[in-house]
Amino acid sequence: FKGFYSPSPGSVYPILQMLEDREFVSVTKEGNKKIYTITEEGENFLKENADQDEFAKRMKQFQNFNREDMKTLGIDIKETVNAILTASKEAMTDEEKRKQFDRFLTQIKEQAQNLYKEDDQNDK
């Protein structure tokens, strides 16, 4: 994930245990370390489910990922959300502002959904 996401032990170890329980990985110990190795059964499962690999689809999103761009985007999103929250408080005090605000929310939600739909269609 190029440093953007680092899974916690609380999310990693239960998955490793599940993979071991399903015999998709084997575990050996090397000192205090556990070494996980994919088994033949695990390889077969991956081959049989190659066209249904949700993980590969998610990883594709990070293919051209730029951490600095994501950081800047996160700041922009936070500032935008703060501006929307401020506007929503103002909209609660005036009926006409409320109508404008409701139209604004509908518009930005539709625009965001359309951007997502366009990306989905480009992936096909």
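What share of the 124 residues of the protein counts as buried? I looked this up in what is a predicted model. The share is 9%.

**Overall dimensions.** I took the radius of gyration next and got 23 Å, where a compact globule of 124 residues would have a value near 14 Å. I then laid the C-alpha trace along its principal axes, and the spans came out at about 65 × 35 × 25 Å.

**Secondary structure.** I counted 5 helices and 2 strands. Reading from the N terminus, I noted the order α-β-β-α-α-α-α.

**Helix α4.** I picked out α4, which covers residues 67-91 and has 25 residues. From first C-alpha to last, α4 reaches 36 Å, and I compared this with the expectation at 1.5 Å a residue, also 36 Å. I also checked which residues of α4 are buried, and found Ile 84, Ser 88 and Ala 91. An α-helix has 3.6 residues a turn, so residues three or four places apart point the same way.

**Contacts.** I asked how much of the contact set joins residues far apart in sequence. Among contacts with a separation of 6 or more, 25% are between residues 24 or more positions apart.

**Surface and charge.** I computed an exposed area of about 10,900 Å² for the protein. Carbon and sulfur atoms supply 52% of that area. For charge, I have 20 positive and 25 negative in the protein. I compared the mean positions of the two sets and found them 4 Å apart.

Technical notes
Residues are numbered from 1 along each chain as its sequence is written. This is a predicted model: local features need pLDDT of at least 70, side-chain atom pairs count only at pLDDT 80 or more; totals for chains, interfaces and linings use all residues. Side-chain values use heavy atoms; hydrogens and water are left out. Helices (H or I, at least four residues) and strands (E, at least two) are DSSP runs, numbered from the N terminus. The expected span of a helix is 1.5 Å times one less than its number of residues. Buried means under 20% relative accessible area, exposed over 50%, partly exposed in between (1.4 Å probe, protein chains only). The radius of gyration is taken over C-alpha atoms; the globule rule is 2.2 Å times the number of residues to the power 0.38. Contact means heavy atoms within 4.5 Å. Accessible areas come from the Shrake-Rupley method with a 1.4 Å probe; for residues, only the protein chains shown count as cover. Lys and Arg count as positive and Asp and Glu as negative; His and the chain ends are not counted. The place of a charge is taken as NZ of Lys, CZ of Arg, CG of Asp or CD of Glu.
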